[in-house]
Amino acid sequence: MSLTLLFIFIRCSLFSMYSFDLFRFSDSHGFKKPNDDRSLHLMTKAASKVMEDLKDVVLAYGQSDEYSFVLNRNTTLYNRRESKIVSTITSLFTSCFAFHWSEFFPTTPLQYPPAFDGRAVLYPTKRILRDYLCWRQADCHINNLYNTVFWALVQDAGMNKNDAQKRLKDTNAGGKNEILFSQFGVNYNTLPQLYRKGTVIIRPPPREPAPSGGAVERGDRNGTDEKVPVLLTLNEDIIRDNFWVSYPHVLEGEDE
């Protein structure tokens, strides 16, 4: 699998990662369709490790086989060298994905090494950055709705994949929701937000106690102990303003 990481420096820089060949990787490792909680949580584990190690990452958003990382606009990480940032985040994410694999897939050994690719993008304003994140969450909803109906037709209605594709051709969101509800008794809006919204990871607001005891102890790369702030892992709507009003510190001080 190849993941594309998108890094964003605020003013605005984004790093994004996507998987190389999700279909082959998921089939080789028996991923559940349409969503595999093990894979989704492993992706978030790897993204969280990136944020723990790289303090200039202020937000990460992930869904399916991709994660995007937003860096502080004033970051001096690796002197803002694009190639260094891309290679470091991509390799760190990939190694964490492989290192923690057995925690989430204890009975499924890796059949071959996962691979991820990344790229860095510079966005000029906070508004454009938010538009990008909105696009990724909208894409999450569109793809998940299609996949939920598609796999219901294949797994529950016994259709082959070609017939299921033909059944869904030219249907809009309302039509797909109608198929789910009338044929399978599923209200799409009651499905877990993890599937419908994806996952956003942020740091807690400054000067406020972090949940569950505050901070996590770990050793830094020099062998000394340091405190790493607890990260907030959320499955919320980031398209509307409510999220950004609730967590204004995430992009605080950025140009509109």
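Me: In this predicted model, which residues lie nearest the centre of the largest pocket?
Reply: The model is a predicted one, and its largest pocket has a lining of 36 residues. The space in that pocket comes to about 860 Å³. Of the lining residues, those nearest the pocket centre are L22, F23, P34, S64 and N147.

Me: Which element gives the most to the lining of the largest pocket?
Reply: Several elements supply at least two lining residues each, among them α1 (22–28), α2 (37–53), β3 (57–63) and β4 (66–71). Further along the chain, α5 (126–156), α6 (161–168) and α8 (193–197) also supply at least two each. With nine residues, the element that gives the most is α5.

Me: How many residues of the lining of the largest pocket are charged?
Reply: Sorted by class, the lining holds 14 nonpolar residues and 13 polar ones. The remaining class in that lining is the charged one, and its count is nine.

Me: What is the omega of the peptide bond from K33 to P34?
Reply: P34, one of the residues nearest the centre of the largest pocket, is found in the loop between α1 and α2. Most peptide bonds are trans. The bond from K33 to P34, however, is cis, and its omega is near 5 degrees.

Me: How many salt bridges does a search of the whole structure find?
Reply: Side chains of opposite charge can pair when their charged atoms come close. One such pair is R240 with D237, whose side chains meet at 2.6 Å, N to O, and R240 counts as exposed because its relative accessibility of 56% is over 50%. For the whole structure, the number of salt bridges found is nine.

Me: How far apart are the closest N and O atoms of R130 and D241?
Reply: The two side chains form a salt bridge that links distant parts of the chain, with R130 in helix α5 and D241 in helix α9 (residues 241–246), 111 residues apart. R130 is buried, at a relative accessible area of 10%, whereas D241 is partly exposed, at 44%. Between the closest N and O atoms of this pair the distance is 2.8 Å.

Me: Is E52, the salt-bridge partner of K49, buried or exposed?
Reply: The side chains of K49 and E52 meet in a salt bridge at 3.8 Å, N to O. Because they are three residues apart in helix α2, about one helical turn separates them. K49 is partly exposed, at 25% relative accessibility, but E52 has a relative accessibility of 18%, which is under 20%, so E52 counts as buried.

Me: How many disulfides does the count come to?
Reply: Two of the cysteines, C134 and C140, can be described by their accessibility: C134 is buried, with a relative accessible area of 12%, and C140 is also buried, at 5%. A disulfide would need a pair of cysteine sulfur atoms within 2.5 Å. By this rule the number of disulfides is zero.

Me: What is the separation of the C-alpha atoms of V250 and I202?
Reply: V250 lies in the segment after α9 and is buried, at 7% relative accessibility. Leaving aside residues up to four places away in sequence, V250 touches V58, L59, I202 and W244. V250 and I202 are 48 residues apart along the chain, yet their C-alpha atoms are separated by 7.1 Å.

Me: Which residue lies 31 residues from V86 in sequence and 8.6 Å from V86, C-alpha to C-alpha?
Reply: V86 sits in helix α3 (residues 82–99), where its relative accessibility of 15% makes V86 buried. At 31 residues along the sequence and 8.6 Å in space, C-alpha to C-alpha, the residue in question is D117.

Me: What is the phi of R80?
Reply: Most residues other than glycine have a negative phi. In the loop between β4 and α3, N79 departs from this with a positive phi near 55 degrees, and N79 is exposed, with a relative accessible area of 67%. R80 lies in the loop between β4 and α3 as well and is partly exposed, at 35% relative accessibility. Although R80 is not a glycine, its phi is positive, at about 60 degrees.

How values were computed: Residues are numbered from 1 along each chain as its sequence is written. This is a predicted model: local features need pLDDT of at least 70, side-chain atom pairs count only at pLDDT 80 or more; totals for chains, interfaces and linings use all residues. Side-chain values use heavy atoms; hydrogens and water are left out. On a 1 Å grid over the protein atoms alone, a cavity is a set of points where a 1.4 Å probe fits but cannot get out, and a pocket is an open set with protein on both sides within 12 Å along at least five of seven lines; lining residues have an atom within 4 Å of a point. Grid points are joined across faces, edges and corners, and a volume is the space filled by probe spheres set on the points. Helices (H or I, at least four residues) and strands (E, at least two) are DSSP runs, numbered from the N terminus. Ala, Val, Leu, Ile, Met, Phe, Trp, Tyr, Cys and Pro count as nonpolar, Asp, Glu, Lys and Arg as charged, and the others, Gly among them, as polar. Buried means under 20% relative accessible area, exposed over 50%, partly exposed in between (1.4 Å probe, protein chains only). A salt bridge is a side-chain nitrogen of Lys or Arg within 4 Å of a carboxyl oxygen of Asp or Glu. Contact means heavy atoms within 4.5 Å.
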